[in-house]
Amino acid sequence: YQERELATVSALAGLKNVNPQLRSHLNASLYNGIDQEQLTEWADVLEQTTDSSTADNARDVLAMVLKK
């Protein structure tokens, strides 16, 4: 399920107005064994492969998830 969740959060990160779904799937990623460091690296890859606003939004949502 880890690969599926990474694919899902990557797709959601590229869409507008889906932060609740992105947050939910980031939580599911953590539940399925993807750790904080891996998700931080995922955000770094987003920054390299997409525009900065997409990566910034993903990092903001990830920060909310990790605060819990």
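Among contacts in the protein chain between residues at least 6 apart in sequence, what percentage join residues at least 24 apart? In this predicted model, the share of such contacts that join residues at least 24 apart is 53%.

**Figure 1. The whole protein chain, a predicted model, has four helices and zero strands.**
Followed along the sequence, the protein chain has the pattern α-α-α-α. Its radius of gyration is 10 Å, close to the 11 Å that the globule rule gives for 68 residues, so the chain is as compact as a globular protein of that length. The C-alpha trace spans about 30 × 20 × 20 Å along its principal axes. Of the 68 residues, 28% count as buried, and the chain exposes about 4,400 Å², of which carbon and sulfur atoms supply 49%.

**Figure 2. Asn 17 lies in the loop between H1 and H2.**
This close-up shows a residue that has a positive phi of about 60° although it is not a glycine. As background, most residues other than glycine have a negative phi. Asn 17 has a relative accessible area of 78%, and because exposed means over 50%, this residue counts as exposed.

**Figure 3. Helix H2 (19-31) has Leu 22, Leu 26 and Ser 29 as buried residues.**
Seen down the axis of H2, these buried residues fall within an arc of 55°, so they line one face of the helix. What covers them includes H1, H3 and H4. The length of H2 can be checked as well: at 1.5 Å a residue, its 13 residues should span 18 Å, and the end C-alpha atoms are 18 Å apart, which agrees. After H2 comes Gly 33, whose phi is positive, near 100°.

**Figure 4. Ser 29 has its place in helix H2.**
With a relative accessibility of 0%, Ser 29 counts as buried, because the term applies to residues under 20%. Leaving aside neighbours within four places in sequence, Ser 29 is in contact with Glu 5, Val 9, Ile 34 and Leu 39. One of these partners, Leu 39, is ten residues away along the chain, and the C-alpha atoms of Ser 29 and Leu 39 are separated by 8.5 Å. Leu 39 is itself among the buried residues of H3, the helix that the next view shows.

**Figure 5. Helix H3 covers residues 36-49 and has both buried and exposed residues.**
The buried residues are Leu 39, Trp 42, Ala 43 and Leu 46. They cover an arc of only 100° around the axis, which puts them on the same side of H3. On the other side of the helix, Glu 37 and Gln 48 are exposed. The buried residues of H3 pack against helix H1 (2-13), helix H2 (19-31) and helix H4 (52-67). As for the length of H3, a rise of 1.5 Å a residue means that its 14 residues should span 20 Å, and the end C-alpha atoms are 20 Å apart, which agrees.

**Figure 6. Asp 35 and Glu 37 come together at the start of H3 through a side-chain oxygen and a backbone nitrogen.**
The side-chain oxygen belongs to Asp 35, and it reaches to within 3.2 Å of the backbone nitrogen of Glu 37. Glu 37 is also one of the exposed residues of H3, on the other side of the helix from the buried residues.

**Figure 7. Ala 43 has its place in helix H3.**
The relative accessible area of Ala 43 is 1%, and this residue is therefore buried, since buried means under 20%. Not counting residues up to four places away in sequence, Ala 43 touches Ala 55 and Arg 59. A further pair in this view is Ala 43 and Ser 10, which are 33 residues apart in sequence and 9.0 Å apart in space, C-alpha to C-alpha.

Methods. Residues numbered from 1 in each chain as written. Predicted model: local features only at pLDDT ≥ 70, side-chain atom pairs only at ≥ 80, totals over all residues. Heavy atoms only, no water. Helix = DSSP H or I, 4+ residues; strand = E, 2+ residues; numbered from the N terminus. Expected span 1.5 Å × (residues − 1). Buried < 20%, exposed > 50% of the residue type's maximum accessible area, 1.4 Å probe, protein only. Arc of directions from axis to C-beta. Contact = heavy atoms within 4.5 Å. Polar contact = N/O pair within 3.5 Å; in protein donor to acceptor, adjacent residues only side chain to side chain. Rg over C-alpha atoms; globule rule 2.2 N^0.38 Å. Areas by Shrake-Rupley, 256 points an atom, 1.4 Å probe, with all protein chains shown as cover.
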